[in-house]
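Colleague: I have a model open beside its sequence, and I would like to learn how to read its features one at a time. Could we go through them together?

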Amino acid sequence: MSDTRIADVRVTPIAFYDPPLLNNAGCHQPFALRSIIEVETEDGVVGLGESYGSQAVLDALAKVTPKLAGLDVTDLNALWARARAEVQGEMQGYTGNERLLPRVVSAVEVAMWDAFGKSTGRRVCDLLGGQVRETVPFSAYLFYKFAHHITASEPDAWGAALTPEGLVEQARRMKDLHGFDAIKLKAGILPPDEEIAGLRALRAAFPDAPLRIDPNGGWTVATALRLLPQLTGLIQYLEDPTVGIDGNAQVQAATDIPLATNMYVVANEHLPANMAQDAFRVILSDHHYWGGLQASRELGRICDIWGIGLSMHSNSHMGISLAAMAHLAAATPNLTYDCDTHYPWQTDEVIEGGKLAFEAGSLRLPDGPGLGVTLDRAELARLHQNYLDCGITVRDDATEMKKHWPDWEFGRPKF
Ligand code: GKR
Ligand code: MG
């Protein structure tokens, strides 16, 4: 029997290059932050996790991780209890106030699953209940974007995308490189009719691709209602068109297009109101903020019971997160939509062997026990140095946006 008690937990903040992608909150900064978590067992097995890298999460992890020594990597109840004793409260995040506790638990929990898998020769998807799909399909995640960051002078490899033609070009490149089927358009940036024109151009160029649009709460209820006739028959689901459960319930009441969310149903306590008001018919799960892989599997079962569709949300991330998302997706029978991922936008990587590759838009689970990935320590050191050098400690899309468009103002809803 191997000794799977935790001997040490290490957290390393990293910063990796991120292109100038636009959203309702602004523009991505030149570096995105993540934390890399290593849970080492008494036997010297190292399990990996990846999570947010903003200061509030790092501070919370710094409080919790010293309390985990001696815990068995299978004891998730004790992880929750010890984390709850140290961390309460929220941080200001992309969707408003975001809870710290499930974020901190998730960061460590994934590494505990990985350590257990590596200690026992089992894959995480098998520990989560068994693999139900050979490969996990992902969607092409399109963004309006500037040609380059304000600090650069030459366009990046993707160039600008501020017009329907630019979006089509971006989608073509994304599909050529990775073979994705479904297409998601990040919206809530330009006047909505321009964004709908973008969707129409995508439909004309890719007649069979399931389309989605996500304004991140950027539209008023009235705007969303006005746009519904144009969206009917065009999209697979409409993600967070307006603000809150109440507002989105008004939109859902007026359409058969399923509404989806990763902003307003983000914890168990939001589920009853969502069911009662029939606001969202699809939930985008995300193990990074739902409290980990086990909690996300439970969310899958809840959605199944209530007839709610299940998709998967993402943020700028590295291969450890991608592997964890893929194992979770592979073990979730009712995950019926292609998952989101920002991965094609990232050029850096922190795992050995470099970037994981999609084949025909899908990811085959990496070989090997646990998550199937290991750390490239030289890259970890380089990306940690980036973190120390870049001076960014919290994501701030609004300030970055004003460097490009000085008159830009945040609004949610805005249009
Ligand atoms: O990366 O700009 C972005 C996205 O807008 C991200 O922050 C969102 O959380 O991808 C997300 C979403 O689907 O809302
Ligand atoms: Mg979203």
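Colleague: Which residues coordinate the magnesium ion (ligand 2), and at what distances?

Modeller: In this model, which is predicted, one looks for donor atoms within 2.8 Å of the metal. Here the magnesium ion (ligand 2) is coordinated by Asp 214 through OD, Glu 239 through OE and Asn 262 through OD1, at 1.9 to 2.2 Å. Since water is not among the atoms, such a site may look incomplete.

Colleague: How are the donor residues of the magnesium ion (ligand 2) spaced in sequence?

Modeller: The spacing reads D-x24-E-x22-N. Asp 214 belongs to strand 11 (residues 211-214), whereas Asn 262 sits in the loop between strand 13 (259-261) and helix 9 (271-277), so this pair ties together parts that are 48 residues apart in sequence.

Colleague: Are Asp 214 and Asn 262 buried or exposed?

Modeller: The cut-off for buried is a relative accessible area under 20%. Asp 214 is buried, because its value is 0%, and Asn 262 also counts as buried, at 4% relative accessibility.

Colleague: Turning to the other ligand, how many residues surround ligand 1, and which are the closest?

Modeller: There are 16 residues around ligand 1, and the closest are Asn 23, His 28, Tyr 141, Asn 216 and His 342. Sorted by character, the residues of this shell comprise three nonpolar, eight polar and five charged. Strand 9 (140-143) and strand 10 (183-186) each contribute at least two residues to the shell, and at least three come from each of domain 1 (6-123 + 377-392) and domain 2 (127-364).

Colleague: Which side chains have a polar atom at a listed distance from an oxygen atom of ligand 1?

Modeller: For a polar contact, one looks for a pair of N or O atoms within 3.5 Å. Tyr 141 places a polar side-chain atom 2.4 Å from an oxygen atom of ligand 1, an N or O atom in the side chain of Lys 184 is 2.8 Å from an oxygen atom of this ligand, and for a polar side-chain atom of Asn 262 the distance is 3.1 Å. The protein covers 99% of the 350 Å² of accessible area that ligand 1 has on its own. Asn 262 therefore appears in both settings, as a donor to the magnesium ion (ligand 2) and as a residue with a polar side-chain atom 3.1 Å from an oxygen atom of ligand 1.

Colleague: What is notable about the phi of Asn 216, and where is this residue placed?

Modeller: Phi is a backbone angle, and one checks its sign residue by residue. Asn 216 has a positive phi of about 50 degrees although it is not a glycine. Asn 216 lies in the loop between strand 11 and helix 7 (221-231), is buried at a relative accessible area of 0%, and is one of the closest residues to ligand 1. Asp 278, in the loop between helix 9 and strand 14 (282-285), likewise has a positive phi, near 50 degrees, but at 33% relative accessibility Asp 278 counts as partly exposed.

Colleague: Which peptide bond is cis, and what is its omega?

Modeller: The bond from Arg 412 to Pro 413 is cis, with omega near 5 degrees, and Pro 413 is found in the segment after helix 14 (397-404).

Colleague: What does the side chain of Gln 252 reach?

Modeller: Gln 252, placed in helix 8 (residues 244-252), is buried at 1% relative accessible area, and its side chain reaches the backbone oxygen of Ile 257 at 3.1 Å.

Key
Residues are numbered from 1 along each chain as its sequence is written. Chains are lettered from A and ligands numbered from 1 in the order in which they are written. This is a predicted model: local features need pLDDT of at least 70, side-chain atom pairs count only at pLDDT 80 or more; totals for chains, interfaces and linings use all residues. Side-chain values use heavy atoms; hydrogens and water are left out. Donors are N, O and S atoms within 2.8 Å of the metal (3.2 Å for Na, K and Ca); water is not among the atoms, so sites may look incomplete. Helices (H or I, at least four residues) and strands (E, at least two) are DSSP runs, numbered from the N terminus. Buried means under 20% relative accessible area, exposed over 50%, partly exposed in between (1.4 Å probe, protein chains only). A residue is near a molecule or strand if one of its heavy atoms lies within 4 Å of it. A polar contact is a pair of N or O atoms within 3.5 Å; within protein, one must be able to donate a hydrogen and the other to accept it, and residues adjacent in sequence count only if both atoms are side-chain atoms. Accessible areas come from the Shrake-Rupley method with a 1.4 Å probe; for residues, only the protein chains shown count as cover. Ala, Val, Leu, Ile, Met, Phe, Trp, Tyr, Cys and Pro count as nonpolar, Asp, Glu, Lys and Arg as charged, and the others, Gly among them, as polar. Domain bounds come from an automatic or database domain assignment.
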